[in-house]
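These are notes for a colleague opening this entry for the first time. Please read them with the sequence and the structure side by side.

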Amino acid sequence: MLTRIDHIGIACFDLDRTVEFYRATYGFEVFHTEVNEEQGVREAMLKINETSDGGASYLQLLEPTREDSAVGKWLAKNGEGVHHIAFGTADVDGDSEGIRDKGVRVLYDEPRRGSMGSRITFLHPKDCHGVLTELVTSAPPADQEH
Ligand code: CMX
Ligand code: CO
């Protein structure tokens, strides 16, 4: 069951300048940063609020590490902006299988590694009314890396 908006992924050309915009404009602080080479991103997670399922909602600011990455290609075509949304679930494996059975393309056979030790997969935007959609199961709090 999808129980929260885990994050909104925002593509940017310059992560440090974008982080500074969110800090100076809204007062949001960086909760976590990492490089995910598999996804081709350098990212900053800004925690917005805790959620009633025990998780939290974040903004995920994304700078590409290479031009041929998903975010690099998207930025070249569209410029900066909202790249994807992510729903949180306790069971990314079961939920993505159930969604696949409804005829929506799930991009990975098995969930891959996401922010802070989470497990993630993506649904094809063309099957989701134009919205690239991520499903996330967070690592247990004790195992979260940040
Ligand atoms: N939102 C909506 N539509 C998108 C999109 C996005 N983020 N990215 C691509 N599309 C659309 C394109 O506009 C294009 O549509 P048209 O054919 O109408 O022009 C179509 O999808 C194909 O796009 P493409 O540029 O040819 O790109 P690819 O097919 O090579 O890749 C996708 C698209 C979704 C498969 C790829 O971006 C992907 O695998 N994404 C998942 C991984 C990811 O995004 N990682 C970065 C974030 C990591 C994180 O959140 O932790
Ligand atoms: Co994401």
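1. This is a predicted model, and the notes start with a single side chain. The side chain of serine 57 reaches the backbone oxygen of isoleucine 5 at 2.5 Å. Serine 57 belongs to strand β4, which covers residues 56-64.

2. Is serine 57 buried or exposed? Its relative accessible area is 11%, and the limit for a buried residue is under 20%, so serine 57 counts as buried. Leaving aside residues up to four places away in sequence, serine 57 touches Ile5, Asp6, Leu46, Lys47, Ile48, Asn49 and Thr51.

3. Which residues coordinate the cobalt ion (ligand 2)? The donors are His7 through NE2, Gln60 through OE1, His84 through NE2 and Glu134 through OE, at 2.1 Å. Written as a sequence pattern, the spacing of these donor residues is H-x52-Q-x23-H-x49-E.

4. Two of these donors join distant parts of the chain: histidine 84 sits in strand β5 (residues 81-89) and glutamate 134 in strand β8 (residues 133-137), 50 residues apart. Histidine 84 and glutamate 134 are both buried.

5. Glutamate 134 should also be viewed together with ligand 1. An N or O atom in the side chain of glutamate 134 is 3.0 Å from an oxygen atom of ligand 1, while the cobalt ion (ligand 2) has Glu134 among its donors.

6. Other side chains approach nitrogen atoms of ligand 1. In glutamine 39, an N or O atom of the side chain is 2.7 Å from a nitrogen atom of the ligand. For tryptophan 74, a polar side-chain atom lies 3.5 Å from a nitrogen atom of ligand 1. Taken alone, ligand 1 exposes 970 Å², of which the protein buries 69%.

7. How many residues surround ligand 1? There are 18, and the closest are Gln39, Lys73, Lys77, His83 and Lys126. By type, the shell divides into 9 nonpolar, 5 polar and 4 charged residues.

8. Where in the fold does this shell come from? Two or more residues each are given by α2 (70-78), β5 and β7 (119-123). The most come from α2, which gives 5 residues.

9. Asparagine 78 is also in helix α2. With a relative accessible area of 43%, asparagine 78 is partly exposed. Its C-alpha atom is separated by 9.7 Å from that of alanine 11, and the two residues are 67 apart along the chain.

10. Two backbone angles deserve a check. Most residues other than glycine have a negative phi. Methionine 116, however, has a positive phi near 55 degrees, and histidine 129, which is not a glycine either, has a positive phi of about 55 degrees.

11. Both of these residues are in loops: methionine 116 lies between β6 (112-113) and β7, and histidine 129 between β7 and β8. Are they buried or exposed? Methionine 116 has a relative accessible area of 5%, so it is buried. Histidine 129 has a relative accessible area of 83%, so this residue is exposed.

12. When returning to the model, begin with glutamate 134, a donor to the cobalt ion (ligand 2) with a side-chain atom 3.0 Å from an oxygen atom of ligand 1. Then look at helix α2, which gives 5 residues to the shell around ligand 1.

Terms used: Residues are numbered from 1 along each chain as its sequence is written. Chains are lettered from A and ligands numbered from 1 in the order in which they are written. This is a predicted model: local features need pLDDT of at least 70, side-chain atom pairs count only at pLDDT 80 or more; totals for chains, interfaces and linings use all residues. Side-chain values use heavy atoms; hydrogens and water are left out. Donors are N, O and S atoms within 2.8 Å of the metal (3.2 Å for Na, K and Ca); water is not among the atoms, so sites may look incomplete. Helices (H or I, at least four residues) and strands (E, at least two) are DSSP runs, numbered from the N terminus. Buried means under 20% relative accessible area, exposed over 50%, partly exposed in between (1.4 Å probe, protein chains only). A polar contact is a pair of N or O atoms within 3.5 Å; within protein, one must be able to donate a hydrogen and the other to accept it, and residues adjacent in sequence count only if both atoms are side-chain atoms. Contact means heavy atoms within 4.5 Å. A residue is near a molecule or strand if one of its heavy atoms lies within 4 Å of it. Accessible areas come from the Shrake-Rupley method with a 1.4 Å probe; for residues, only the protein chains shown count as cover. Ala, Val, Leu, Ile, Met, Phe, Trp, Tyr, Cys and Pro count as nonpolar, Asp, Glu, Lys and Arg as charged, and the others, Gly among them, as polar.
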